[in-house]
Amino acid sequence: ASASATDPAAAASPILYNLNALSISGVDAVQFQTRASITGNPTVSAFTSIAFDSIATGNQLSFNGNLTLNATGAASQITSGANALLDVTGTATLNANTVNLGNAAGDTINFGSLAFTATGNVQIAEDSSMNLVGTSSSGSVTLQAEGDLSVGFLQANGDVSLTARNNILDTDGMLDDADLSATGNVALVSELGNIGSRFSNIFTATNVNLQDVNPLEVSTPGTYNLTATQGMIALQVESLPALNITGDTNTLWIQGGGDLVYSTIPLSLRNYIASDVDNLALIADWDNNSNGNLFLLDSISVPRDLRLSGVDVSAADGTIDVTAANLMFFSRQSETINTSVNDLDAQTLGSLIVNETNDLRLVDLNNDSFTRAADAGGNLIVNLANGNLTVTNAAVATANILLQTNAANTDITNNAPVQSANGSITVQAQRDITQGANGDLSITAGAANTIYVYAVNGSIAMADGASSTTQGGNIYYRAPGTVADPTSGNIAL
């Protein structure tokens, strides 16, 4: 026997059926050719096939709730034909040997969320975002979404191909579990968005509580092919099989559930980073739970943005050498970093020493609520071998602060607060020092702590409104040229 839900007048004047529920079972095949709106949580079961077709353009079948489709035969199938319009507002659960939906000419398929179980291949194309919930399994699987494509757990006995117009995301809210397991090759393509992340800016994206960045964890003996031409790819280091990144992807986020050891990243990926990646984030302490160290090689270099984070950050040769346009750095320990960067946003829970080669700006790169560019739990020392130093956002430390340039004719421009909780502040440039209206120097505790501002071969300018404050310690302004008239700013002992 077979069942057919057909509207005989659909071609001339489609009739809209409003049904409270629908249940079909005990038939060989079911074919939907009607325009209808069905509420409730219907279940449709057949032995051979369940098909969605249209005998007239514009016939839309809507299920306002969940929909369960069971095709139970060994060669059973769930399919959609040309011009079929299927919309499910809730979860569609599909069980069959094979599934092929959304791939015919003129059809439109949309699910609120989706889960499937198939012994054969699954091919589904949604005309909106696709949200896989729970566990889905099949032979080879090909999924396509016109918006985001979100994965809970997907298991395939074959190859996997996921393509999204926007982002491909892991939505299970868990780490160290396999999100995608395949016996063959895995291909993920984001046409306009990111893979494993909602955002492409490695500085402003946060992985605390997996808010923005939650990499897909992939288990496969085959090749793992990723393409995100216009966005970022986020990877979990514990699940990196043979990897191939294509499509001019230039932004990578690599994180570890515990320690992140750069030398253990597959060589193919390290070679890709060296040749093609402009922006790189290496995140060991991914959830800020004080568990995970970052171990670098002798040096690391990218053309643009670099973010390094771990409970402790170290390098194989004992020296952290970094080259980038912009660097964001975090460690829970005291650190010394040798940099060749333009902009720096750094925080340590111990002392921080920065040895910069050229010009440097201290800038808040991640736009956090503290707007701090340098934040040290001990001493803060910023030492420039060549070039000028500009403090654009606040520099703070628990203990002493030293800001210093060493090459001839180099200046320090202080346009943001420099504050020590209980230590002295020294600002020393080989030529001029400019203290802008917002460039206050302040010490909040310690009567013996001093402020020392020294322009070795130049002058000191202090803008109207700028201030320097101690808690009883001395304040020194020294220069062979002009020293700012204290009346232009405020000096308080």
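**Predicted model: local environments, sheets and aromatic contacts**

Ala84 lies in the loop between strand S8 (77–80) and strand S9 (85–96). Helices (H or I, at least four residues) and strands (E, at least two) are DSSP runs, numbered from the N terminus. The structure is a predicted model: local features need pLDDT of at least 70, side-chain atom pairs count only at pLDDT 80 or more, and totals for chains, interfaces and linings use all residues. Residues are numbered from 1 along each chain as its sequence is written, and side-chain values use heavy atoms, with hydrogens and water left out.

Ala84 is buried, at a relative accessible area of 2%. Buried denotes under 20% relative accessible area, exposed over 50%, and partly exposed in between (1.4 Å probe, protein chains only). Beyond four places in sequence, Ala84 touches Phe52, Asp53, Ser54, Gly106, Asp107 and Thr108. A contact requires heavy atoms within 4.5 Å. Gly102 is 18 residues from Ala84 in sequence; the C-alpha to C-alpha separation of the two is 8.3 Å.

Leu94 is found in strand S9. Its relative accessibility is 0%, so Leu94 counts as buried. Outside the neighbours within four places in sequence, Leu94 is in contact with Leu69, Ile78, Val99, Leu101, Leu114, Ala115, Phe116, Thr117 and Ile124. Val44 is 50 residues away from Leu94 in sequence, and their C-alpha atoms are 10.0 Å apart.

The protein as a whole has one helix and 53 strands. It contains 493 residues, of which 53% are buried. Among contacts between residues at least 6 apart in sequence, 43% join residues at least 24 apart. The exposed area is about 18700 Å², and carbon and sulfur atoms supply 45% of it. Accessible areas come from the Shrake-Rupley method with a 1.4 Å probe; for residues, only the protein chains shown count as cover.

Parallel pairing occurs in two open sheets of three strands. In one, the order is S13-S16-S19. Strands S13 (130–131) and S19 (168–170) are the edge strands, and each pairs on one side only. Two strands pair if DSSP finds at least two bridges between them. S13 and strand S16 (residues 149–151) run parallel and are joined by two bridges. Met130 stands opposite Leu149 in S16.

In the other sheet, the order is S27-S29-S32, and the pairing is again parallel. Strand S27 (260–261) and strand S32 (313–315) each have a single partner strand, so one side of each is left without a neighbour in the sheet. Three bridges join strand S29 (residues 294–296) to S32 in the parallel sense. The bridge partner of Leu296 is Ala315 in S32.

Strand S14 (residues 135–138) has alternating side chains. Ser136 and Ser138 point to one face and are buried; Thr135 and Ser137 point to the other and are not. S14 pairs with strand S17 (residues 153–156) in the parallel sense over four bridges. In S17, Ala156 stands opposite Ser138.

Aromatic contacts were also counted. A pair of aromatic rings is described by the distance of the centres and the angle of the planes. Rings of Phe, Tyr and Trp (its six-membered ring) pair if their centres lie within 6.5 Å; planes under 30 degrees apart count as stacked, over 60 as edge-to-face and the rest as tilted. The count comes to four aromatic pairs. The ring centres of Phe32 and Phe52 are 5.0 Å apart with planes at 5°, so this pair is stacked. Phe32 belongs to strand S3 (residues 23–33) and Phe52 to strand S5 (residues 43–52), 20 residues apart. Both Phe32 and Phe52 are buried. The ring centres of Phe32 and Phe63 are 6.3 Å apart with planes at 90°, so this pair is edge-to-face. Phe63 lies in strand S6 (residues 60–64) and Phe32 in S3, so the pair ties together parts that are 31 residues apart in sequence. Phe63 is buried, as is Phe32. Phe32, Phe52 and Phe63 form one aromatic cluster.

A charge also sits over a ring. The charged end of Arg478 lies over the ring of Tyr454, 4.2 Å from its centre. The criterion is NZ of Lys or CZ of Arg within 6 Å of the ring centre and within 35 degrees of the ring normal.

Confidence was examined by pLDDT, the predictor's confidence in each residue, from 0 to 100. The protein averages a pLDDT of 88, and 88% of the residues score at least 70. Over residues 6–17, pLDDT stays under 50. The model has 24 contacts beyond four places in sequence for residues 6–17. Where pLDDT is low, the predicted coordinates should not be read in detail.
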